[in-house]
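Work through the exercises below with the sequence and the structure at hand. Each task is followed by a solution in steps.

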Amino acid sequence: MTRHVVCRVDELPEGGRRIVDLGGRSIGVFRVDGRYYAVRNVCPHMGAPLCLGTIGGTMLPSEPHTYVYGLENRILRCPWHGYEFDLETGRPPFGTFPLRVRTYPVRVEGEELVVEA
Ligand code: FES
């Protein structure tokens, strides 16, 4: 893994995203609810630019005829076919399918936002 400075911390406001090239890989860096995430910008389903998708929640497992929404701001939804991935783990919520997107460690170092990729 190589250390990459993505930007200054104040250049990625709450709710913001940046899509950057780090060592030849397109990676989306997000700030959501005060946390930072870095996700490979390639959907493992059919290669869409995943990090252009929406961030929100999803339907949770529940009893028949009940609908429970949760995981708000933890789910990245692919813009092409709507597959969902957990921003933290890169896995689909609840193991709904066997695909996973690569995620990377992100940290704040002083005034800089750093991704290990
Ligand atoms: S390419 Fe992402 S869900 Fe199909």
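Two strands count as paired if DSSP finds at least two bridges between them. The model used here is predicted.

**Exercise 1.** Determine how β2 and β3 pair, and describe their hairpin.

Solution. Start with β2, which covers residues 17-22. Its pairing with β3 is antiparallel and runs over six bridges. Next, take L22: its bridge partner in β3 is R25. The hairpin leaves two residues between the strands, and G23 has a positive phi near 60°.

**Exercise 2.** Follow β3 into its pairing with β4.

Solution. β3 and β4 are antiparallel, with six bridges. Within this pair, V29 is bridged to A38 in β4. Here too the hairpin has two residues between the strands; D33 takes a positive phi near 55°.

**Exercise 3.** Place V29 in the nonpolar core and list its contacts.

Solution. The largest nonpolar core holds 20 residues, and V29 is among those with the most contacts inside it, together with A38, V39, L50 and V115. β3 (25-32), β4 (35-40) and β10 (112-116) each supply at least two residues of this core. Leaving out residues up to four places away in sequence, the residues V29 touches include V6, L12, Y36, A38, V106, L113 and V115.

**Exercise 4.** Give the strand order of the open three-stranded sheet and identify its edges.

Solution. The order is β1-β10-β9, with antiparallel pairing. β1 (3-8) and β9 (106-109) are the edge strands, each pairing on one side only. Neighbouring strands are turned by 35° against each other on average, direction ignored. Between β1 and β10 there are five bridges, and H4 stands opposite V115 in β10.

Key: Residues numbered from 1 in each chain as written. Predicted model: local features only at pLDDT ≥ 70, side-chain atom pairs only at ≥ 80, totals over all residues. Core = buried A, V, L, I, M, F, W, Y, C linked by C-beta atoms within 7 Å. Buried ≥ 20, exposed ≤ 12 C-beta atoms within 10 Å, placed from the backbone. Helix = DSSP H or I, 4+ residues; strand = E, 2+ residues; numbered from the N terminus. Contact = placed C-beta atoms within 7 Å. Axes fitted to C-alpha atoms, helices over the stretch in contact; angles between N-to-C directions.
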